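Student: Hi! Could we go through this one together? I'd like to start with the charged pairs.

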Amino acid sequence: MSGTGIGWGKLILCGEHAVVYGHPAIAFAVDLSTRVTLTRRPGPTAVAGCPSDARLTAALHEVLEPTGWGVRLDSTLPIGKGMGSSAALAVALVRARAELEGRSLDADQTYAQAMPCERVFHGNPSGLDVAVSARGGCIRFTRGTPPTLQPLTPGRWRVVVLDTGAAGDTAELVAGVAARRPGVEPVLQAIGALVERCCGHLDDARALGPLLTENHRLLGKLGVSTPELDDLVALALDAGALGAKLAGAGGGGVALALVDDTAGADAVLAAAERAGVPALACRPAGVPS
Ligand code: MEV
């Protein structure tokens, strides 16, 4: 007998880091995911084919007993690149266990049960990644117990994801911003205000783009960008993107470029290929295209 669960990956359109301190953020699910398959079997709980890792083991133990479970992971999500791989794992684990035990979970229950697992990975997560992973679609999120969620309808724009090739450590990056408070408080406030403006322009890529580029500039002031991320943002803007920013915790990982159609995406993809940068085009998953 086995149980299977899936968690979506995500991209943050605007508001990462500030969301940890109660400001709103906008994020959307992407069509990349983690699938967990659970089986009951004797012996220590472990992931098949995966070297033992203290943080992964501790996260598993938030959802599963230390013995009696075999875990199989299949993921199309890059790890540590800002696309919500740990949240997708937490959501998939919770769902797999519920399926195996014949329980149905709504998105709120999934969120509540997956958060302890996400805390093992990230220490002080806002919950944004888990909320998007559990729900899909595009949401405006404000931290809280429970968080405030508003489903959003994005316009017909798409994004190109550009990969620095380096991973960032979300827990370290979030702790770094915490250590720079209260000095960075005005920057966090400005990011929160930018999110409100983005909410008013979600169907207008030409107005939205510059707000995303401004978000990148503010994230640089927070100290979470890198020269590689800045270069990817410049590459995307030079190739005609309407806006570009790092996406996720930063310190490596990915940047996203906003484009309004396939031709725009093709231009950024071609520039990325010329520069030897891995890239892919996507749209918010789980909303009408
Ligand atoms: C990480 O994907 C997003 C951060 O805002 C952290 C969080 O919201 O928990 C950097």
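Student: So how many salt bridges does the structure hold?

Tutor: The count is 13 salt bridges. Keep in mind that this is a predicted model.

Student: Let's pick some out. Which residue does R103 meet in a salt bridge?

Tutor: R103 pairs with E101, at 2.8 Å from N to O.

Student: Are those two buried, exposed or partly exposed?

Tutor: R103 is partly exposed, at a relative accessible area of 35%. E101 is partly exposed too, with a value of 35%.

Student: And what about E214, which residue is its salt-bridge partner?

Tutor: R217 is the partner, and the closest N and O atoms are 2.9 Å apart. Both E214 and R217 sit in helix α7, residues 205-222, with their positions three residues apart in numbering terms, about one turn of the helix.

Student: How accessible are they?

Tutor: E214 has 28% relative accessibility and counts as partly exposed. R217 is partly exposed as well, with a relative accessible area of 44%.

Student: Which residues are joined into one network by salt bridges that share partners?

Tutor: That network takes in E65, R97, E101 and R103.

Student: Now D108. Which residue does its side chain meet in a salt bridge?

Tutor: R135, with N and O 2.4 Å apart. This pair links distant parts of the chain, 27 residues apart: D108 belongs to helix α3 (residues 107-122) and R135 to helix α4 (residues 128-135). R135 is partly exposed, at 38% relative accessible area.

Student: Good, that takes us to the helices. At what angle do the axes of α3 and α4 cross?

Tutor: Roughly 140 degrees, and the axes come within 9 Å. With that angle, α3 is oblique to α4. The crossing is right-handed.

Student: Which residues meet there?

Tutor: From α3 you have A107, D108, T110, Y111, A114, M115 and E118, and from α4 D129, V130, A131, A134 and R135. By class, the residues of this contact are seven nonpolar, one polar and four charged.

Student: And how does α2 pack on α3?

Tutor: Helix α2, residues 85-100, packs with α3 at about 135 degrees, and the axes are 8 Å apart. That makes α2 oblique to α3. Here the crossing is right-handed.

Student: Who makes that contact?

Tutor: On the α2 side, S86, A87, L89, A90, V91, L93, V94 and R95; on the α3 side, T110, Q113, A114, C117, E118, F121 and H122. This contact has nine nonpolar, four polar and two charged residues.

Student: Switching to the backbone: is the peptide bond from T145 to P146 cis or trans?

Tutor: The bond is cis, with omega near 0 degrees. P146 is in the loop between β5 (138-142) and β6 (148-152).

Student: What about the bond from R181 to P182, cis or trans?

Tutor: Cis again, with omega near 5 degrees. P182 is found in the loop between α5 (170-179) and α6 (185-199).

Student: Last one, H17. What is its phi?

Tutor: Phi is near 70 degrees for H17, a positive value in a residue other than glycine. H17 lies in the loop between β1 (2-14) and β2 (25-44).

Student: Is H17 buried or exposed?

Tutor: H17 counts as buried because its relative accessibility is 5%, and the cut-off for buried is under 20%.

Technical notes
Residues numbered from 1 in each chain as written. Predicted model: local features only at pLDDT ≥ 70, side-chain atom pairs only at ≥ 80, totals over all residues. Heavy atoms only, no water. Salt bridge = Lys/Arg side-chain N within 4 Å of Asp/Glu carboxyl O. Buried < 20%, exposed > 50% of the residue type's maximum accessible area, 1.4 Å probe, protein only. Helix = DSSP H or I, 4+ residues; strand = E, 2+ residues; numbered from the N terminus. Axes fitted to C-alpha atoms, helices over the stretch in contact; angles between N-to-C directions. Parallel < 35°, antiparallel > 145°, perpendicular 65-115°, else oblique. Left-handed = near helix turned anticlockwise from the far one by under 90°. Contact = heavy atoms within 4.5 Å. Nonpolar A, V, L, I, M, F, W, Y, C, P; charged D, E, K, R; others polar.
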